[in-house]
Amino acid sequence: MSNAVIADKRPSSLHGARLPKWSPYAIAVGSVAVAIAIGLGAGLDSRIQWGLIAAILFVLGTYGIAARVEGSRQAKDRIATSLVWVAFLLAVVPLVSLIWETVKRGVKVLDIYFLTHSMGVVADSEPGGGIYHAILGTLEQVGLATLIAAPIGVLTAIYLVEYGSGNLARAITFFVDVMTGIPSIVAGLFILSLMLMLELQPFGFAGSLALAILMMPVVVRSTEEMLKLVPNELREASLALGVPKWRTILKVVVPTSIGGITTGIMLAVARITGETAPVLLLVFGNSFINANPFEGAQASLPLYIYQQWANSAGNEAAYDRAWAASLTLIAFVMILNLVARGIARWKAPKTGR
Amino acid sequence: MAKRIDVSGLTAYYGSHKAIEDISMTVEPRSVTAFIGPSGCGKSTFLRTLNRMHEVTPGGRVEGKVLLDDEDLYGAGVDPVAVRRTIGMVFQRPNPFPTMSIYDNVAAGLRLNGSYKKSELNDIVERSLKGANLWNEVKDRLNKPGSGLSGGQQQRLCIARAIAVEPDVLLMDEPCSALDPISTLAIEDLIGDLKERFTIVIVTHNMQQAARVSDRTAFFNLAAVGQPGRLIEIDDTERIFSNPSVQATEDYISGRFG
């Protein structure tokens, strides 16, 4: 008898009332419908307002319904979940619309001709021309900046993690932090002042120097974090075999973290690829092909986009070129990120049997 | 070529904290010496002073003498790298290099220290893996990553890696504490084989293990938490476990302590 009572009681204490699985979708659809109704009724023009109303209705509606049906703890859980979803959508909407807009406008003039020709004989107001000179300039400037910043950054990080202690390491960490906060225009002005002192004309490598200043702290920080992830046991295992410290770092520590270091460098490259301000000051822009980064003005992709937009306001052909160049720039950065991920996966410590 | 270790008046610090104080003992060649004692009594610290791994820890420093066949490891001009080549070490947790294959793990100590001919390396790798009782299990997959092995196999891989450089002494810091009983038995058997060629020092929390594998046993203890650890006594294993001369040892091994 008493057993039966317990058996009857138990499920009821473990099973509370639950909303059906489809309820979040239903609430979402409902809140969007109500938001549209409110928007139309109140005569709100902006779709953004509609979306925000829908988001607020969704969060409040979820909480209200869940609190009534499931109780307050589940309602809190649901409100947290719905807030995360709303935040996710708020973050994704601008991203998707940006990519959508760039692709839509960019593909108009983006073709092989556009990628392989310069603006040399084309006036900004005319259709035609291309971005070959800008791609070349970006590749050279960013490549040179990486050649400067990546080794210095990685070696600095190795010093900080493996050797550094005391005041010097603290000072370096502090200055790296300060460098992280340097606005790109200030880095550009710094090199510009050097250039003026030496009475030089704008050239690509000057831009590389400014970009290297911006890139270095990012590389140091990311490499530092990656090296710290290498377990101390591996260092000790190597040292206990009688391997000198420098060889331990070179053959055990760095190979173990090379995937992460590469990713960090690639992300830093992606960051400086989009920099406009220092390039504008130091490289100046050039509508002809100049393959020599050490002499004469060069173009670069972000600078090209800016100049196409700024120098020919209201001109359809120039706008189209600016959008196509933007698309190329996004694709370039994305390819870099994919390459970085590929390298990270390829170099990651293997776990297979 | 096994060597004798003579320690006299050894004190080790972490920064200003004194971890072990005034330890003197002799470790006989071609024998197994076990260190037992409660956690935090400085067994591992003392073990790490024997191949100068203690000073790898930031703030670690040592006073006193460690003689390896009459040569002071802490003498002026002694290269710690050379000391570690002579005195190998196996750690508590198996730690094969994750980027390297089984073959490369065993060859790591040699490769990283100089260049060897391919055929020579092949011989050494095979000999070391056989010495660690691992050859039959891995001979068909030498190029697979070492981290894919089981825990017990990884620990034997680490032993193979340590003996590949032909050290005189092998230090083992709780080599079986992360392993199951079968892998533990495999490693204990291995220790029995290895003592023909090496001087072995093993730290263990398992007193049965100390009784099974060692010839001599040293008991460490600390007066109180925060006090430095000390060597209470060292004697033949049989004597320590049947008739120790210090009461504290008897309390510890009979479980009437801590």
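Student: How many residues do chain A and chain B each bring to the contact?
Tutor: Chain B brings 26 residues and chain A brings 21 residues. Two residues are in contact if their C-beta atoms, placed from the backbone, lie within 7 Å. This is a predicted model, in which local features need pLDDT of at least 70 and side-chain atom pairs count only at pLDDT 80 or more, while totals for chains, interfaces and linings use all residues. Residues are numbered from 1 along each chain as its sequence is written, and chains are lettered from A and ligands numbered from 1 in the order in which they are written.

Student: Which elements give two or more residues to the side of chain B that touches chain A?
Tutor: They are helix H2 (80-86), strand E6 (87-90) and helix H3 (102-111) of chain B. The largest share, 4 residues, comes from H2(B). Helices (H or I, at least four residues) and strands (E, at least two) are DSSP runs, numbered from the N terminus.

Student: How many residues on that side of chain B are nonpolar, polar and charged?
Tutor: The side of chain B that touches chain A has 13 nonpolar, 8 polar and 5 charged residues. Here Ala, Val, Leu, Ile, Met, Phe, Trp, Tyr, Cys and Pro count as nonpolar, Asp, Glu, Lys and Arg as charged, and the others, Gly among them, as polar.

Student: Now the folds. How many helices and strands has chain A?
Tutor: Chain A has 14 helices and 0 strands. The secondary structure of chain B comes to 10 helices and 10 strands.

Student: What radius of gyration does chain A have, and what would a compact globule have?
Tutor: Chain A has 28 Å, but a compact globule of 353 residues would have a value near 20 Å. The radius is taken over C-alpha atoms, and the globule rule is 2.2 Å times the number of residues to the power 0.38. The C-alpha trace of chain A spans about 100 × 70 × 40 Å along its principal axes.

Student: And what about chain B?
Tutor: Chain B has 18 Å, which agrees with the value near 18 Å for a compact globule of 258 residues. Its C-alpha trace spans about 55 × 45 × 30 Å along the principal axes.

Student: What percentage of chain A is buried?
Tutor: Buried residues make up 35% of the 353 residues in chain A; in chain B, 47% of the 258 residues count as buried. A residue is buried if 20 or more other C-beta atoms lie within 10 Å of its own, exposed if 12 or fewer, and partly exposed in between, with C-beta atoms placed from the backbone.

Student: Which residues touch the most other members of the largest nonpolar core?
Tutor: A:Met215, A:Val219 and B:Leu170 do, in a core of 138 residues. Helix H9 (residues 204-229) of chain A gives the largest share of this core, 15 residues. A nonpolar core is a set of buried Ala, Val, Leu, Ile, Met, Phe, Trp, Tyr and Cys residues joined through C-beta atoms within 7 Å.

Student: What does A:Met215 touch?
Tutor: Not counting residues up to four places away in sequence, A:Met215 touches A:Ala145, A:Thr146, A:Ala149, A:Ala268 and A:Ile272.

Student: Turning to H2(A), which of its residues are buried?
Tutor: A:Ile27, A:Ser31 and A:Ala35 are buried in H2(A). They are on the same side of H2(A) because they cover an arc of only 70 degrees around the axis; the arc is that of the directions from the helix axis to the C-beta atoms. What covers the buried residues of H2(A) includes helix H3 (47-69) of chain A.

Student: Which exposed residues are on the face turned away?
Tutor: That face of H2(A) carries A:Tyr25, A:Ala33, A:Ala37, A:Leu40 and A:Gly41. H2(A) is followed by A:Gly43, whose phi is positive, near 70 degrees.

Student: Last topic, phi at B:Arg52. Is this residue buried or exposed?
Tutor: B:Arg52 is buried because 23 other C-beta atoms lie within 10 Å. B:Arg52 has a positive phi of about 60 degrees although it is not a glycine. Most residues other than glycine have a negative phi. B:Arg52 is in the loop between helix H1 (43-49) and strand E4 (60-68) of chain B.

Student: What is phi at A:Glu199?
Tutor: Phi of A:Glu199 is near 55 degrees, a positive value in a residue other than glycine. A:Glu199 counts as exposed, with 6 C-beta neighbours inside 10 Å, and is in the loop between helix H8 (184-197) and H9 of chain A.
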